[in-house]
Amino acid sequence: GLHAVEGKDDIDVSPGATFIGTNTHMRRRFVSLFLGACFLLSLTSCRKHSGSPEARILAQISRAETAAEKREPKVLKEMISDQYIDDEGNHKKQIVGLLTFRLLRNDDIHLLTRIRSVELTGKDRASVQVFVAMAAGAIRGPSDLSRLQADLYRFDLLFALERGEWRVIRAAWRTAGLGDFV
C-alpha cells in the first residue's frame, strides 16, 4: 500500500502502511473521503481579495478547481485550516495525506460545481453548501454526468477567517443526486 508522509515543506507519498484496506467497503469509504477532501480543500483559501466575504469564498472555487484538476496537492494543502476536524475524526494531516494519494493516483480529475448557499454565521465564520460532480472526463454540464458516471456529492462546509484568509475548519459530505445539478 501507500502511505502519505507530511514533511516540513512538501508532501511525499512513499511505500508504507495501507491507506484503503483490502475490502470494497473500505475502498469506497476512502474514495468518498478523498472526494470530500478534494472539494473541501478546493473551497478554502481566500487570499486578501477585495469584495465581500461571500465573493472571496466564491472566487476561490475556480482557483481550487484548477489546482485539483492539475493535481497540485501542495496548493490545496494551504487552503485548509490547521484546526480542521471532520465528523470522521480526520484532522488536516489525514485529509492532506488522502488528497495527495488520490491526486497522484489519478491522471484525470474534472469537477463541476453548483453552489447552493454561502451564509455568514459571524464576522469570521461562513457556512457553504455546494454540490460537486467528479469524473475522469471533461464535464461540460449536467447532461454529461450520467454518461461520465460522475461521482456526485453534497458538501456542507464551515469556514473560518484566519489571519486574513478563509479556510475550511469542518466539513461533512454525502452522496447527491442528478437533480441537484440542474
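Helices (at least four residues) and strands (at least two) are DSSP runs, numbered from the N terminus. Keep that in mind as you work through this predicted model.

**Exercise 1.** Find which elements the protein chain has, and in what order they run from the N terminus on.

*Solution.*
- Step 1: Count by type. The protein chain has 5 helices and 6 strands.
- Step 2: Walk along the chain. The elements run β-β-α-α-α-α-β-β-α-β-β.

**Exercise 2.** Work out which parts of the chain the salt bridge between Asp82 and Lys92 ties together.

*Solution.*
- Step 1: Check the distance. A salt bridge needs a side-chain nitrogen of Lys or Arg within 4 Å of a carboxyl oxygen of Asp or Glu. For Asp82 and Lys92, the closest N and O atoms are 2.9 Å apart.
- Step 2: Place both partners. Asp82 sits in the loop between α3 (73–77) and α4 (92–105), while Lys92 belongs to helix α4, so the pair joins parts 10 residues apart in sequence.

**Exercise 3.** Decide whether Asp82 is buried or exposed, then do likewise for Lys92.

*Solution.*
- Step 1: Recall the cut-offs. Buried means under 20% relative accessible area, and exposed means over 50%.
- Step 2: Apply them. Asp82 has 57% and is exposed; Lys92, at 14%, counts as buried.

**Exercise 4.** Find how Arg125 and Asp124 meet, and which residues are linked with Asp144 in a network.

*Solution.*
- Step 1: The side chains of Arg125 and Asp124 form a salt bridge, at 3.9 Å from N to O.
- Step 2: Arg140 and Arg147 are linked with Asp144 in a network of salt bridges.
- Step 3: For the whole picture, the structure holds 8 salt bridges.

Conventions. Residues are numbered from 1 along each chain as its sequence is written. This is a predicted model: local features need pLDDT of at least 70, side-chain atom pairs count only at pLDDT 80 or more; totals for chains, interfaces and linings use all residues. Side-chain values use heavy atoms; hydrogens and water are left out. Buried means under 20% relative accessible area, exposed over 50%, partly exposed in between (1.4 Å probe, protein chains only).
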